[in-house]
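Subject: The structure we talked about, with notes

Dear colleague,

Please find the structure below, and keep it open beside this message while you read. My notes follow directly after it.

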Amino acid sequence: MKKIFTISVILLMMFMLGCAKKQATAPDKPATEVAKEEILPQTNDSGNRGLDVDKDKNKNVKTDEAVKGETSTPFTDVYFDYDKSDIKSDAKATLKAASDYMIANTAATISAEGHCDERGTSEYNMALGDKRAKSVKDYLVSLGVPTDKISTFSYGKEAQVCTEHAESCWSKNRRVHFVVTKGGSK
Amino acid sequence: MMKKIIILMVLLICFSSVTVQAKVYIDITSPGARQIPIAVVDFEGEDIGRQVADIIRSDLDYSGFFRQFDKSVFVEKPNQSFDAQNWKPLGVELVVKGTVETITTAMGKVLKVNISVFDVFSSTRILTKSFQARESILRLVSHKAANSVYESITGLSGVFDTKIAFVADDLSNRYTNKKYIYIMDWDGERVRKVTDGDNIVMRPHWSPDGLSLAYTFEKSKRWGINLIDLKTLQSEILLISQAANITGDFAPDGENLLISSSIKGISNIYRLNTKSKTLSPLSSTYNIETSPSTSSSGSEIVYVSDQDSTPQIFIMDKEGNNKRRVTFSGSYNTSPNFSYSGEKIVYSAIIGGKFQVMMINKDGTNMVQLTSEGNNEEPYFSPDGRYVVFTSDRFGNKSVFITRNDGTGQKVLSPNKIRAFGPSWSLK
């Protein structure tokens, strides 16, 4: 019993020392931290706040530059309902004409480019534009166009043709636009 | 028996000393916590001392947990030592003091910032800390100092030295339509451009170490995912194709990136290994699935799916199983972001024809609307979940805004007069 008591006292002292050490980390001996900026891109000009930027520049980006200068197409745009990607009945004549053209012009390849209106988030609209483009492609394939003649691409809501904040404009933006990428007869 | 008592005593002594050290002055986790009266005295060291104190005041102020005093009422001057009697009559409970000096080290001439926090009631010093840094990063050091003050009082980590990345027009060239990625401090200062510009750029996402950003860009009608090293500004294309390849959050391992891609038909969620550049599908559905975001554990992924015909927020486990719907209110809920702790989700919803930032528990309960003016989209939590950055068009052009997670304190962070969007918050 005596032994246990002695050991306990030693233990107690050790613990107290341990505790005391912990407390000693407080005040008076400041811990110095060397602060560095690990990321420091110096090669680029830093943007100055309050810099006068032309107001016109703040308008939405219109059609992407890559679209310009390409062969204009004999195809017309196909339009969609809000948040939908199924082919509307009034688009079927347009797509029939497109498939007739593709079947007659075996050298032609096209890109179906899906677009969305400005409402909705960029990411979801990118996926929706893609779904619209593929829905058009599937429809054309079902009419007999070889699948390898049609590629698809989504611009999401990033390349609007109309920038008013109204349904009259939104309906124009919810589209699949065709670009002839090879063998256009026009 | 004796032994047991002694051990118990020892444990008690140890615990009580630890408790004293970790005294929490305000329990900011409890709703309606009072604001603690704090005085930040200008630091000794002329102009620079004043600047450091100003940044600390501003950081503490935005946190919403402190009540500050105009320094004109301070009796104690910066060069006088702390005396509780100078502060008690003012009702001040905590005092922050410090010095800034220039010293010469191996790094050359650097600033040394010494900081102390005093408890007026017990007349004791509760924090002493020093920082050394080049003068060019004075703001960063001040934010780090603010973090130590915040931590010494609340017991929680501060986020004042973290950063926000976003997409915007060119700040210096008005004749380009290109979009750039910028980073800035949490208070909107030190805005720096980190990319050379692309036609279309989507929201960047930080690697967990805060040293790189992944983002989606368009080039020659292909969608690429780029990884940019923020130390060197070198970038590497991880994936590029005609499919809609859209960057989401990094997995906590920092090696895998969650993305959505329409590479196999419709947009689904994949894990993209940034080293091997291989894709592993997390789900294979006929529905749109996009915008993956994950918490610090990485065990669950929140994302958008249109499987119930409208876009809604869903959660699945990290291997793509156990899918469950989180949002049941409204017909358009997108752009989710998981809090680091994995408890809350922020997202944007269409309410009355406008986009608003919403916050909800991951089990779908406790939905709150954080914004109401204009359209508010693309919310992203701070690492501690106390603040949210988002995009708003309430003043015309889209700008990056910040709010506290209770909807108070909404303000613009991105530079004036340029279109800015797609913010995300670094963990470090």
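A disulfide links A:Cys162 to A:Cys169, with 1.7 Å from S to S, and please bear in mind throughout that this is a predicted model. Over all chains the structure holds one disulfide, and the angle about its S-S bond, -115 degrees, makes the link of A:Cys162 and A:Cys169 left-handed. Are these two cysteines buried or exposed? A residue counts as buried when its relative accessible area is under 20%, so A:Cys162, at 15%, falls on the buried side, and A:Cys169, with a relative accessible area of 0%, is buried as well. Another cysteine of this chain, A:Cys116, is also buried, with a relative accessible area of 2%.

Staying in chain A, you may like to look at A:Val78, which sits in strand β2, a strand that covers residues 78-79. With a relative accessibility of 1%, A:Val78 counts as buried, and if residues up to four places away in sequence are set aside, A:Val78 touches A:Ala91, A:Thr94, A:Leu95, A:Val136, A:Arg174, A:Arg175, A:Val176 and A:Phe178. From A:Val78 to A:Lys92 there are 14 residues in sequence, and their C-alpha atoms are 8.8 Å apart in space.

Turning to chain B, its secondary structure comes to three helices and 29 strands. Of the 428 residues in chain B, 58% are buried, while the accessible surface of the chain comes to about 17000 Å², with 49% of that belonging to carbon and sulfur atoms. Among the contacts in chain B with a separation of 6 or more, 41% are made by residues 24 or more positions apart.

One strand of chain B that repays a careful look is β19, residues 310-317, which is largely enclosed by the rest of the structure because six of its eight residues are buried. On one side in sequence, strand β18 (residues 300-308) of chain B is joined to β19(B) by seven bridges, and the two run antiparallel; within this pairing, B:Glu300 stands opposite B:Asp317. The two strands form a hairpin with one residue between them, and B:Ser309 in the turn has a positive phi of about 80 degrees. Next, β19(B) is joined by two bridges to strand β20 (residues 324-325) of chain B, again in an antiparallel arrangement, and here B:Phe314 has B:Arg325 as its bridge partner. β19(B) and β20(B) also form a hairpin, this one with six residues between the strands, and B:Gly320 in the turn has a positive phi of about 95 degrees.

Where does the largest nonpolar core lie? This core has 53 residues, and those with the most contacts inside it are B:Phe43, B:Ile56, B:Leu60 and B:Trp425. Helix α3 (residues 138-154) of chain B gives the most to this core, with eight residues. Because domain 1 (33-154) and domain 2 (163-425) of chain B both give residues to the core, it lies between them. Taking B:Leu60 as an example, and leaving aside its neighbours within four places in sequence, its contacts are B:Ile38, B:Val40, B:Phe65, B:Phe66, B:Gln68, B:Ala146, B:Val149, B:Tyr150 and B:Phe160. There is also a second, separate core of 20 residues, which includes A:Leu95, A:Ala108, A:Phe178 and A:Val180.

With best wishes

Conventions:
Residues are numbered from 1 along each chain as its sequence is written. Chains are lettered from A and ligands numbered from 1 in the order in which they are written. This is a predicted model: local features need pLDDT of at least 70, side-chain atom pairs count only at pLDDT 80 or more; totals for chains, interfaces and linings use all residues. Side-chain values use heavy atoms; hydrogens and water are left out. Helices (H or I, at least four residues) and strands (E, at least two) are DSSP runs, numbered from the N terminus. Buried means under 20% relative accessible area, exposed over 50%, partly exposed in between (1.4 Å probe, protein chains only). Contact means heavy atoms within 4.5 Å. Accessible areas come from the Shrake-Rupley method with a 1.4 Å probe; for residues, only the protein chains shown count as cover. A disulfide is a pair of cysteine sulfur atoms within 2.5 Å. Two strands pair if DSSP finds at least two bridges between them. A nonpolar core is a set of buried Ala, Val, Leu, Ile, Met, Phe, Trp, Tyr and Cys residues joined through side-chain atoms within 4.5 Å. Domain bounds come from an automatic or database domain assignment.
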